Amino acid sequence: MPNANGIASIASPFSVEATLEKLKAFIASKGLQLFAHIDHRAGAIAAGLDMQPAHVLIFGHAKAGTPLMVASPLLALDLPLRALVWEDAGHKVWVSYNTPEYLAQRHAIPPDLLKNISGVEPLIRAALSAA
């Protein structure tokens, strides 16, 4: 499992495209806003380069994120939340994200506000298990 300091990754049983669609649908079903979808591979191809599929979804809700950024303004560098959907060299699809614990440590998030972003892993897992 590809993990780095503060990053968790969950294997997806679906293609990159299906994983993206499941995540987008689940994000919308939870009343969260999808602020952006960045297709890094498309950017590489436009520049005459190639890379593995890699998409970043940026999503969240102002009601959850605003109190965090009020408490720790630099957290705006990491919010809204992000999920990276990518394919490794073996064609395995992953969804990676910054862990809430990492963000809490990095930005000194007060413990009572950590719940505002602690749903990222359950959200991804639920989206990947949705039929």
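These are my notebook entries on pockets, salt bridges and one helix residue in a predicted model.

**Entry 1: the largest pocket**

I began with empty space. Rolling a probe the size of a water molecule over the atoms shows where such space is left. The largest pocket holds about 290 Å³. I found 21 residues lining the largest pocket. Phe59, Gly60, His61, Ala64 and Leu81 lie nearest its centre. Next I asked which elements give two or more residues to this lining. They are strand 3 (54-60), helix 3 (62-71) and helix 5 (120-129). Helix 3 gives the largest share, six residues. I then sorted the lining by class: 13 nonpolar, seven polar and one charged.

**Entry 2: the second largest pocket**

I noted a volume of about 170 Å³ for the second largest pocket. Its lining includes Ile7, Val56, Asp78, Leu81 and Val120. Strand 4 (81-87) and strand 5 (93-98) each supply at least two lining residues. Strand 4 has the largest share, with four. By class I listed eight nonpolar, two polar and two charged residues. Leu81 caught my eye, as it is among the residues nearest the centre of the largest pocket and also lines the second largest pocket.

**Entry 3: salt bridges**

Side chains of opposite charge can pair when their charged atoms come close. How many salt bridges does a search of the whole structure find? I wrote down three.

I looked up Arg106 and Asp78 first. Their side chains meet in a salt bridge at 2.8 Å, N to O. This pair links distant parts of the chain, 28 residues apart. Arg106 sits in helix 4, and Asp78 sits in the loop between helix 3 and strand 4. Is Asp78 buried or exposed? Asp78 counts as buried, because its relative accessibility of 10% is under the 20% cut-off. Arg106 is partly exposed at 45%. I also met Asp78 in the lining of the second largest pocket.

Then I took Arg125 and Glu121. Their closest N and O atoms are 2.8 Å apart. The two are separated by about one helical turn, because they are four residues apart in helix 5. Arg125 is partly exposed at 44%, and Glu121 is partly exposed at 32%.

Last came Asp50 and Arg41, with their closest N and O atoms 3.3 Å apart. Asp50 is exposed at 58%. Arg41 is partly exposed at 31%.

**Entry 4: Gln105**

I found Gln105 in helix 4 (residues 100-107). Gln105 is exposed, because its relative accessible area of 67% is over 50%. I also checked Gln105 against Gly48, 57 residues away along the chain. Their C-alpha atoms are separated by 39 Å.

Note on methods
Residues numbered from 1 in each chain as written. Predicted model: local features only at pLDDT ≥ 70, side-chain atom pairs only at ≥ 80, totals over all residues. Heavy atoms only, no water. 1 Å grid on protein atoms, 1.4 Å probe; cavity = no way out; pocket = protein on both sides within 12 Å on 5 of 7 lines; lining within 4 Å. Points joined across faces, edges and corners; volume = space filled by probe spheres on them. Nonpolar A, V, L, I, M, F, W, Y, C, P; charged D, E, K, R; others polar. Buried < 20%, exposed > 50% of the residue type's maximum accessible area, 1.4 Å probe, protein only. Salt bridge = Lys/Arg side-chain N within 4 Å of Asp/Glu carboxyl O.
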